[in-house]
Amino acid sequence: MLFLEYTLNGLNTGILYGLIAIGYTMVYGIIQLINFAHGEICMLGAMVTATFLGWAFGVDAIAIPAAGFVVFMTLAALMDGGFGILLDKIAYKPLRGSSRLSALITAIGMSLLLQNLAVMIWGAGANTIKVPEGYTSTAILQIGGRLGIRITFFHISIWLFTIASMSGLYFLVQKTRFGMAMRATAQNPTAASLMGVRLDKVVATTFFVGSFLGAIGGVAVAINKGSFDYQIGLYIGLVAFAAAVLGGIGSIPGAMLGGIIIGVVEAWAAGYLSEIPHPLVEGGISTGYKEAVGFTVLILIILLRPQGLLGSRGGDRA
Amino acid sequence: MIRSRIAPLVLCAVALLTTGCPPADGGKTDDGDYSIIVGGDGVFSPDYVKLAEGAAEGSYIITPYINDTSSPGIKAFSEAFIAEYKQEPDAWAALTYDAVGTIAVAIEKAGKPDRKGIRDALAAMNSKETGYPGVTGVTFFDKNGDCAKPALIAEVKGGKLTKSATQIDTSSAGEAKAGGDKAAKKAEGEPIVIGVAGPFTGGGQKYGEMIKAGAKLKLAELNAAGGVLGRPLKIVWGDDESTNSKAVNVANDFAARPELCAVVGHFNSTCSLAAKAIYKAAEIPALTPGSTNVKVCEGSDWYFRNLYRDDFQGFICSDFITKSLKKKTCVVFFDDDDYGTGLKTFFEQRAKETGLEVLESISYDKKSVTEFTSLVTKAKSKAPEVIFIAGNYKEAALIAKACKKAGLTK
Amino acid sequence: MSTPLIEFKGVKTGYGQMEVLHGIDLHVDQGEIVTLIGSNGAGKTTTLMTLSGVNKVWEGEIWYEGACLNGVPPHEIVARGICHVPEGRQIFRDLTVEENLRLGAYLRSDQAAIQKDLEHSFDMFPILRERSFQLGGTLSGGEQQMLAIARGLMGKPKVLLLDEPSLGLAPLIVADIFETVKRVNKEEDVTVVLVEQNANLALKTANRGYVLETGTITLSDDADKLANNPKVREAYLGG
């Protein structure tokens, strides 16, 4: 029972890592860039959502209407999609065709820049996202008494959103003409442009979709955690990036799978690390290492399967 | 992919079918009472209440100071503070206010802004009579540089930090009158410079904000009353962001300023421990208004504090749970840093002596923890009567929120 | 003589710091098959890449249908009817054969006509019909080349740029492919610019030819005259 609850906890955080990891994996798939500023894009999504909700319902509002919450979060996520495109236009597009290293360093620079920008606008203190009454606390389903497993509107809404967005992405990428162009660009951008595919449009769409999902992921992570600040993108981004690598960078289902694996492993670590006896410390291994366990799993899997779980070996691009 | 989606789908369907099932609430259930949150003094901050958004209600927090305006000394300070900053002072604002005052007195006693002279003057404040009477009680030091001050219990009530009806120790705070009644002279000449270090940004920003406010208020009062030794007092700020490495940078920067004669800070124990060797080597006296780890003043004649230590705090926390709340079981959440582990160790030591059963001690790393759900699930599985938190207000607020979501607390 | 369909006027370009084309002049008339021959590294592929907009023109101008193409992005050039079948086939290995073909018609929106052309491609290369749901990467070299050409034709181009279509293929398949090129040129009035190592074959297929040597055009003439030119025979046709 407890095991099931840990697993469920892990699944809940894992799909959020997955949603954010999609942004890394899609951008990497198209332009072979590790967009280190993606975590900050997610952070901006959460910040803008919090700001919109603050404007609309007052900073001290305890509970807000559900419709308003959805509308403003969507609005913020759309805006964040725009930030993603802007980030590409300002920082990465001028470097297209130059070495991967310079683009990577620019990405790290943008990450720091966006963090500092966020401090200037929103300050360095902790922030919260207002949610509708009972959204995260009222149990829709309670298994095993008051202290048993509790499933709330929040959980159901992130599951539904994840299923919907994964299906939507599958449809976009596999079934539409534009998705075909995206896949073609990922494989061979020169040949794709010779077919009349506009690289800029594909890249912009990629940034938009990744940032939109990242914003929703960022908001959900902030709600799940309880509060957030300008640094939330840093750690979440790192975990999501690890998830993308674990699942096979470039693969969208891989990103989700990687996110879920890391989330579940972390949750198990939180639950069971202290059961493992420590030679020196009474009370077993510290649960403070739960995040480290997720990365250990990453390293082990990458050692065995360097291309990641669902990644393809090598590439057709020299 | 597909398979992993089926499970939640089934659960969703089940959930939608059973929406009629009532949310579990209403005090007592089969699982016994709701748990009570007790926090160490790191939790004492208005932002704990704010960030926890209602989940903090009913928590008890140990603190060296409560803004209890029924005491006349505190009233004047509180009114001046609220007039300036539009919010109530917390313990850290009050302790910093007193620390700046203590340093000012030490400078007066030394007769000149000389590092060695100030240290000697501080060391000479070794009894209640020779100590500094401030809003947090009388500050005086033992030969270690430690300070004996009482601990109070605050309760979150109606979204505010109030003095709890249940106290464990009588307080002498606020007995003394704050500030001097010296005739206002104009402070003239070269300013006397002291450093104030704290977490002005980063995860402990609210502490920093309060520290800055308390120091500035005292500074303004001192300078309006003729300054120190007839010269204006000036503060340079050092932001340690609650991290060891930044604390070392700040200490080195302070040490490199020859005009700087004393430091108020650092706040976090882990920062104090990292910086104290630098102050010792540079022979700068430092007075911390917040570090409670037992080792902070150990081995240095130059480091002082104006509040109790964690051995005392841990003792009080444990006794509060067993004697005042009359509870027998608890789960401890502790921050993996010097403050959290230190406080937890002394708490557990006292718990063992008094028969308080610590069901589980759960550590977390505040730099990387993404959420507390699974850690709280672990706590929940032990069904404790009390949840004791040895950490900072920000993570404490997240734990309180997660406990409420999990149905552990009301 | 009317204005040519395509005209290079003193075009210079290159990669990075290195100039590859040192100012070339050439023209292609409507309905022609024109071939560029030359040894490896002479700049033949670069010439095509510059025409299709992948490479930027450094100096000089490229004119097409009475408009200057300098600075026009590749997708826009495709839209104007120039279709480039790149060297090394460059099909999309992880897309199915049918998806590859449909991508060739990416800029067209006439679904019915695309479907018809798809059938037409399959008629032209029946093996592709058999393999239509296979991934491009699983095809043999010859099949990939057929796919690349069929994909190029799916765009309904006015001009087809073919880069080394015979590379690495068995002679029988090569003959087949060049037959197709001629047929497309005649039946569908597609102008063809052909870059080919196999000068013999190229000059048999083309109407006119240019000889490119280290980024400069050294000879230009009708194809049969070039084929009989002693210098060309010695250098490119094996004596």
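# Briefing: a pocket, two cores and two interfaces

The second largest pocket holds about 1,200 Å³ of space. This is a predicted model. The pocket has a lining of 44 residues. Two pairs of chains touch, and the pair A and B has the most contacts. The largest nonpolar core contains 99 residues.

**Second largest pocket**

- Five of the lining residues lie nearest the pocket centre: D60(A), P46(B), D47(B), K50(B) and L51(B).
- Chain A contributes helix α2 (38–57), which supplies at least two lining residues.
- On the chain B side, α2 (46–52), β6 (160–163), α6 (205–224) and α12 (393–406) each supply at least two residues as well.
- The lining is mixed in class, with 18 nonpolar, twelve polar and 14 charged residues.

**Nonpolar cores**

- In soluble globular proteins, nonpolar side chains tend to be buried together.
- Within the core of 99 residues, I22(A), F69(A), Y92(A), I129(A) and L103(C) have the most contacts.
- Helix α1 (residues 2–31) of chain A gives this core 14 residues, the most of any contributor.
- A second core is separate and has 83 residues, among them I61(B), Y207(B), V264(B) and I399(B).
- I129(A) touches A46(A), A50(A), L53(A) and F69(A). Its contacts also include V219(A), A222(A), I223(A) and F228(A). Residues up to four places away in sequence are not counted here.

**Interface between chains A and B**

- The size of an interface is often given as the accessible area lost when the parts come together.
- Chains A and B bury about 4,600 Å² between them. Carbon and sulfur atoms give 58% of that area.
- The contact involves 52 residues of chain A and 49 residues of chain B.
- R146(A), L147(A) and K225(A) lose the most area to chain B within chain A. Together they account for 18% of what the chain A side buries.

**Interface between chains A and C**

- Chain C and chain A bury about 2,000 Å² between them, with 65% given by carbon and sulfur atoms.
- Here 22 residues of chain C are in contact with 19 residues of chain A.
- H75(C), F92(C) and Y106(C) supply 35% of the area that chain C buries against chain A. No other three residues supply more.
- Chain C does not touch chain B. The nearest C-alpha atoms of these two chains are 20 Å apart.

**Backbone features**

- G265(B) and H266(B) are joined by a cis peptide bond, with omega about -5°. H266(B) sits in the chain B loop between β9 (260–264) and α8 (269–282).
- K326(B) is a residue other than glycine with a positive phi, near 55°. The loop that holds K326(B) runs between α9 (310–324) and β12 (329–335) of chain B. K326(B) counts as exposed because its relative accessible area is 60%, over the 50% cut-off.
- T214(C) also has a positive phi, near 35°, and is likewise not glycine. T214(C) lies between β9 (208–213) and β10 (216–222) of chain C, in the loop. At 62% relative accessibility, T214(C) is exposed too.

Note on methods
Residues are numbered from 1 along each chain as its sequence is written. Chains are lettered from A and ligands numbered from 1 in the order in which they are written. This is a predicted model: local features need pLDDT of at least 70, side-chain atom pairs count only at pLDDT 80 or more; totals for chains, interfaces and linings use all residues. Side-chain values use heavy atoms; hydrogens and water are left out. On a 1 Å grid over the protein atoms alone, a cavity is a set of points where a 1.4 Å probe fits but cannot get out, and a pocket is an open set with protein on both sides within 12 Å along at least five of seven lines; lining residues have an atom within 4 Å of a point. Grid points are joined across faces, edges and corners, and a volume is the space filled by probe spheres set on the points. Helices (H or I, at least four residues) and strands (E, at least two) are DSSP runs, numbered from the N terminus. Ala, Val, Leu, Ile, Met, Phe, Trp, Tyr, Cys and Pro count as nonpolar, Asp, Glu, Lys and Arg as charged, and the others, Gly among them, as polar. A nonpolar core is a set of buried Ala, Val, Leu, Ile, Met, Phe, Trp, Tyr and Cys residues joined through side-chain atoms within 4.5 Å. Buried means under 20% relative accessible area, exposed over 50%, partly exposed in between (1.4 Å probe, protein chains only). Contact means heavy atoms within 4.5 Å. Buried area is the accessible area (1.4 Å probe) that two parts lose on being put together, summed over both.
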